[in-house]
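Trainee: I would like to take a close look at a single part of this model, and then follow the connections outward from there. Could you walk me through the surroundings with some care?

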Amino acid sequence: RLGFTMDGRAHVHYNATFSWVKFEVPRAYSREEIQALVAKVQKAETSYYRATDTELYRALEDVQRLDGMAVGILGSLEPWYEAVAIAYGAATVTTVEYNQCKYQHPKVRTKTVDQYWGEADEDREQFDVVLSISSVEHDGLGRYGDPIDPDGDLKAMEKLRRMTKPGGRLFLAVPVGPDTVVWNLHRVYGKARLPLLLRGWTLLGTYGYSPTMVHLEAFRHQHHQPVCPVF
C-alpha cells in the first residue's frame, strides 16, 4: 500500500468491488461506424470525456495537427480517439490496448499490448504523435488486465517515450486534483504525483488546467482531465 500512496502522500478511496474489464470477444466496429464518429469530430462534437475532447481539439489546432502523420493511440474502449486522429488528418492510426479490438477501417490497425511490445525493437513502429487520453492513470491497478504495480503509470510513461519518435509529440490527459488512488479504478494526479508523471518530458502547454486544481477537494472526485502536449 505504501508504494501506491507514496508513503502516505496520496489519499486512498476504496471502490466497493474490485473492477476488472476484460472482453472475451474482440470489440468490433465497422468502417461505417468509425466514419460516423469521424463525422461527429468534424462537427466538434464530443464523446464521454466532453471537456477533455474540447481541450484536445484546441491543443491539436495550436500545437500539432496530424496531417499525413503516423499516430498511436494508447488504450481504447471504442474508436473515438482513432476517429479524432483521422478527422485531424492522420495517415495511419495504430491502437495499442490490453484487450483485443477489431476496428475495420483502412487507416486503423490494432495491436494488443503484448503484441506491440513483443516485437523486436528494430521492427516496432514508432509514431509521430501519440494520444493517451484517460489511460495512464489506470496502469498498475489491474482494472484492464494489466499487472498490479504501484509504479505502473510511471512505467507506462517510459513506454510512451519509446512509442514516440524522436521529436514527436504526446498528447496526455489524466485526472488532476489532490493526489488520490481510487482503488482499483484510477489515480488522480496532484502536487506529488503529477511532477513524477511528467518527469523527463517538456511541456508545450496546458489545456483546461489551473495550478489550483491540485489543491482543491472538489477535483478529487470530478475526474477532470486537462490535456498536456509534451515531447
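Trainee: Which side chain of opposite charge is nearest to E82, and how many Å away is that side chain?

Mentor: Bearing in mind that this is a predicted model, the nearest side chain of opposite charge to E82 is that of R27, at 8.0 Å. A salt bridge would require a side-chain nitrogen of Lys or Arg within 4 Å of a carboxyl oxygen, so E82 is a buried residue without a salt bridge. The residue belongs to helix 4, which covers residues 80-87, and what its side chain does have is polar company: one polar contact, of 3.0 Å, is made with the side chain of S76, and another, of 2.5 Å, with the side chain of T95. Setting aside residues up to four places away in sequence, E82 touches I73, S76, V93, T95, Y103 and V108, a list that includes both of these polar partners.

For another charged residue we can turn to R124, which sits in the loop between helix 5 (113-117) and strand 7 (127-133). R124 has a relative accessible area of 12%, and because buried means under 20%, this residue is counted as buried. The side chain of R124 reaches backbone oxygens: that of Y116 at 3.2 Å, and that of E119, which lies 2.8 Å from a polar atom of the arginine side chain. Beyond its neighbours within four places in sequence, R124 is in contact with Y116, W117, E119 and R162. Between R124 and G190 there are 33 Å in space, C-alpha to C-alpha, and 66 residues in sequence.

A further part to consider is the open sheet of three strands, whose order is 1-9-10 and whose pairing is mixed. Strand 1 and strand 10 stand at the edges with a single partner strand each, so that one side of each is left without a neighbour in the sheet. Neighbouring strands here are turned by 20° against each other on average, if direction is ignored. Strand 1 (residues 11-14) runs parallel to strand 9 (residues 180-183), and four bridges join them; within this pairing V12 stands opposite V181, while Y14 stands opposite W183. On the other side, strand 9 pairs with strand 10 (residues 186-188) in the antiparallel sense over three bridges, and a hairpin of two residues connects these strands. V181 also stands opposite R187 in strand 10, which places V181 opposite a residue in each of the two pairings.

Notes
Residues numbered from 1 in each chain as written. Predicted model: local features only at pLDDT ≥ 70, side-chain atom pairs only at ≥ 80, totals over all residues. Heavy atoms only, no water. Buried < 20%, exposed > 50% of the residue type's maximum accessible area, 1.4 Å probe, protein only. Lys, Arg positive; Asp, Glu negative; His and termini not counted. Polar contact = N/O pair within 3.5 Å; in protein donor to acceptor, adjacent residues only side chain to side chain. Contact = heavy atoms within 4.5 Å. Pairing = 2+ DSSP bridges. Axes fitted to C-alpha atoms, helices over the stretch in contact; angles between N-to-C directions.
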